[in-house]
Amino acid sequence: MRIILFGPPGVGKGTQAKLLAEEFGIYHISTGDLLRAAVKSSTPLGLKAREYMEDGNLVPDEVMIGLIEEVLGSRKAQKGFILDGFPRTVAQARALDELFERLNIKLDRVISLRVEHEEVIRRLSQRRMCKQCGRIYNLQQLENGGASRCENCGGDLYQRDDDKPETSRHRLDVYVKETKPLKNFYRQSGRFTQIDGMKDIPVVHNTILDLLLKNGAA
Ligand code: AP5
């Protein structure tokens with residue numbers, strides 16, 4: 001299975017990608033997670049990316065295209081992958097198509113999640129993440145379950161700096177300007193399906209599974 005999960009910040013890409021990656025044993029390639037890990041360890045990539053991420057802006061295309069080339073060429077990607085957070089500009093999408101051709105990779109589907117913007121802001125303000133393993137939670141789950149540490153690894157939960165309302169709104173503006181136009185790019189290629197991301201997490205997951213089965217990708 002080789003798919004792209006597409007949509008605005010906070011729509012649920014990471015949540016759905018993690019479920020699919022566990023179920024199918026394939027590589028979840030989250031460019032956001034890769035960048036956050038690089039920032040945390042102050043690698044050259046992290047030093048380049050930090051300021052852009054803090055301000056809610058996109059990291060420059062040449063940096064991201066270099067990163068994705070490295071990741072898609074790795075052994076881990078050979079069994080299949082879910083791309084989450086890449087591509088985000090038309091230049092990235094063009095570079096990705098070239099890369100797929102070069103590496104002889106056939107993309108199964110681009111699945112776009114649609115959620116109303118106010119709901120995106122609400123979800124981002126309520127998101128908490130595990131510092132250690134990156135597992136995603138929301139405040140409602142935590143209040144219902146009473147957990148204050150990660151259920152998976154016991155790590156501390158934190159709120160991402162770029163999830164504060166002002167930065168979230170800016171990220172949404174950046175999405176509308178830079179990333180949303182990609183919908184047309186992929187619609188024209190006949191590989192694009194949009195699904196309703198407003199439903200509950202398991203319902204969205206089942207919709208994605210049905211779609212992948214129907215397209216022979218799962
Ligand atoms: P990144 O980490 O990729 O952020 P994003 O795309 O903005 O996406 P998010 O992680 O915010 O949201 P998500 O859709 O994964 O939602 P989630 O599942 O967590 O990127 C961060 C930064 O890195 C960028 O701003 C940029 O600077 C840089 N970057 C990354 N890639 C780049 C690229 N290609 N080019 C340039 N720069 C790049 O869910 C959110 C919350 O909602 C959670 O609390 C979750 O529990 C909850 N939730 C999920 N689904 C549902 C549901 N169905 N119902 C109710 N709640 C739900």
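Select the hairpin of strand 5 and strand 6 first; five residues lie between the two strands, and one residue of this hairpin, Gly-134, has a positive phi near 80 degrees. The model on screen is predicted.

**Strand 5 and its partners**

Now select residues 127-130, which make up strand 5. Strand 5 runs antiparallel to strand 6, and three bridges join the two. For one facing pair, show Arg-127 and look across to Asn-138 in strand 6.

Next, add strand 7, residues 157-158. Strand 5 and strand 7 also pair in the antiparallel sense, here over two bridges. Show Met-129 and Tyr-158 of strand 7, which stand opposite each other.

With these three strands selected, the view holds an open sheet in the order 6-5-7, paired antiparallel. Strand 6 (136-138) and strand 7 are the edge strands, each pairing on one side only.

Turn on the side chains of strand 5. Which way do they point? Arg-127 and Met-129 point one way, whereas Arg-128 and Cys-130 point the other way. Are these four residues buried or exposed? All are buried.

**Across to helix 3**

Select Gln-126 and Lys-48 together. They are 78 residues apart in sequence, and their C-alpha atoms are 28 Å apart in space. Lys-48 lies in helix 3, which covers residues 44-54. Colour by accessibility here: Lys-48 has a relative accessible area of 51%, and it counts as exposed because the cut-off is over 50%.

**The loop before helix 3**

Step back to Ser-42, in the loop between helix 2 (31-40) and helix 3. Most residues other than glycine have a negative phi. Ser-42 has a positive phi, near 50 degrees, and is not a glycine. Its relative accessible area is 47%, so Ser-42 counts as partly exposed.

**Around helix 5**

Go to the loop between strand 3 (81-84) and helix 5 (90-103), and select Pro-87 there. Show the backbone as sticks. The peptide bond joining Phe-86 and Pro-87 is cis, with omega about 0 degrees. Most peptide bonds are trans.

Follow helix 5 to the loop between it and strand 4 (109-114), and select Asn-104. What is the phi of Asn-104? It is positive, about 60 degrees, although Asn-104 is not a glycine. Asn-104 is exposed, with a relative accessible area of 72%.

**The whole chain**

Clear the selection and show the full chain as a cartoon. How many helices and strands are there? The protein chain has ten helices and eight strands. Its C-alpha atoms fill a box of roughly 45 × 40 × 35 Å along the principal axes. The radius of gyration is 17 Å, which agrees with the value near 17 Å for a compact globule of 218 residues.

Switch to a contact view. Among contacts with a separation of 6 or more, 72% are between residues 24 or more positions apart. Of the 218 residues, 46% count as buried.

Then draw the surface. The protein chain exposes about 11500 Å², and carbon and sulfur atoms supply 46% of that area.

Finally, colour the charged side chains. There are 34 positive and 30 negative ones, and the centres of the two sets lie 3 Å apart.

Definitions and conventions:
Residues numbered from 1 in each chain as written. Predicted model: local features only at pLDDT ≥ 70, side-chain atom pairs only at ≥ 80, totals over all residues. Heavy atoms only, no water. Rg over C-alpha atoms; globule rule 2.2 N^0.38 Å. Buried < 20%, exposed > 50% of the residue type's maximum accessible area, 1.4 Å probe, protein only. Contact = heavy atoms within 4.5 Å. Areas by Shrake-Rupley, 256 points an atom, 1.4 Å probe, with all protein chains shown as cover. Lys, Arg positive; Asp, Glu negative; His and termini not counted. Charge placed at Lys NZ, Arg CZ, Asp CG, Glu CD. Pairing = 2+ DSSP bridges.
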